[in-house]
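Colleague: I would like to understand one part of this model in some detail, and I am still new to reading structures. Could you take me slowly through the disulfide and the parts of the chain around it?

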Amino acid sequence: MGIGSTDLWAQGADATCKKEDFEAVVEATASSLRDLNSKNRPEFQEKLRELKAKRNWTQNEFMEKAAPFVRDDKTAVYDKSTDELLSAISSMGQEGARAATPDCAILLELRARMKILVDTQTAKWGYMFEKLDAELAK
């Protein structure tokens, strides 16, 4: 990921926190996810194309047969967890940014959820690559 968001996770509970700290955590989350997708999506799509060529699938066959590599019961669990985390991060970020006196405990929880979110998406990509690599090896 290498985008500086690790610094936000590594920071401990400051004696004081500012509204901008909440906004920074939310922005770092968005940036981490963009970077993760930018890094993984092109390689994953290329591997899907390799599988299509290896199996001599038509475009219609490809659309049907490639779907399980992108969406299955396990990826649905990752997606559900991601949606819940995104909702919580958004709410906590807004709450912290709007508070007259920011609650640093909420900021710590926000940072923790951000890390879980990025870890969840990293695991999802890993799982999808693992499935696709196993299929390409056949």
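Modeller: What follows starts with the chain as a whole, turns to the disulfide, and then moves along the helices that come after it in the discussion. Please keep in mind from the start that this is a predicted model, and that the values below are computed from it.

The chain has 5 helices and 0 strands, and reading along the sequence gives the pattern α-α-α-α-α. Of its 138 residues, 38% count as buried.

Now to the part you asked about. A disulfide is a covalent bond between the sulfur atoms of two cysteines. The structure holds 1 disulfide, and its partners are Cys17 and Cys104, whose sulfur atoms lie 2.4 Å apart. That distance fits the cut-off used here, which asks for sulfur atoms within 2.5 Å. The angle about the S-S bond is -115°, and the link between Cys17 and Cys104 is left-handed. Where do the two cysteines Cys17 and Cys104 sit along the chain? Cys17 belongs to the loop between α1 (5–10) and α2 (19–55), while Cys104 belongs to helix α5 (residues 104–137), so the bond ties together parts that are 87 residues apart in sequence.

It is worth asking next whether Cys104 is buried or exposed. A residue is called buried when its relative accessible area is under 20%, and Cys104, with a value of 18%, is therefore buried. Cys17 is buried as well, so that both partners of the disulfide carry this label.

The surroundings of the bond can be followed through C-alpha distances. Cys104 and Lys19 are 85 residues apart along the chain, yet their C-alpha atoms are separated by 9.8 Å. Thr16 and Thr101 are likewise 85 residues apart in sequence, and in space they are 9.4 Å apart, C-alpha to C-alpha. Thr16 lies in the loop between α1 and α2, the loop that also holds Cys17. Unlike the buried Cys17, however, Thr16 is exposed, because its relative accessible area is 62% and the label applies to values over 50%.

From this loop we can go on into α2. With 37 residues at 1.5 Å a residue, α2 should span 54 Å, and the C-alpha atoms at its ends are indeed 54 Å apart, so the expected and computed values agree. There is nevertheless a kink of about 30° at Asn40 in α2, shortly before the proline Pro42.

Just after α2 comes Asn56, with a positive phi of about 55°. Most residues other than glycine have a negative phi. Asn56 is thus worth pausing on, because it is a residue other than glycine with a positive value. Asn56 is placed in the loop between α2 and α3 (59–70), and at 65% relative accessibility it counts as exposed.

Finally, α2 and α5 come up together once more, since each supplies at least two residues of the lining of the largest pocket. This pocket has a volume of about 160 Å³. Its lining consists of Asn37, Arg41, Phe44, Gln45, Val70, Gln121, Lys124, Trp125 and Met128, which divide into 4 nonpolar, 3 polar and 2 charged residues.

Methods:
Residues are numbered from 1 along each chain as its sequence is written. This is a predicted model: local features need pLDDT of at least 70, side-chain atom pairs count only at pLDDT 80 or more; totals for chains, interfaces and linings use all residues. Side-chain values use heavy atoms; hydrogens and water are left out. Helices (H or I, at least four residues) and strands (E, at least two) are DSSP runs, numbered from the N terminus. Buried means under 20% relative accessible area, exposed over 50%, partly exposed in between (1.4 Å probe, protein chains only). On a 1 Å grid over the protein atoms alone, a cavity is a set of points where a 1.4 Å probe fits but cannot get out, and a pocket is an open set with protein on both sides within 12 Å along at least five of seven lines; lining residues have an atom within 4 Å of a point. Grid points are joined across faces, edges and corners, and a volume is the space filled by probe spheres set on the points. Ala, Val, Leu, Ile, Met, Phe, Trp, Tyr, Cys and Pro count as nonpolar, Asp, Glu, Lys and Arg as charged, and the others, Gly among them, as polar. The expected span of a helix is 1.5 Å times one less than its number of residues. The bend at a residue is the angle between axes fitted to the seven residues ending there and the seven starting there.
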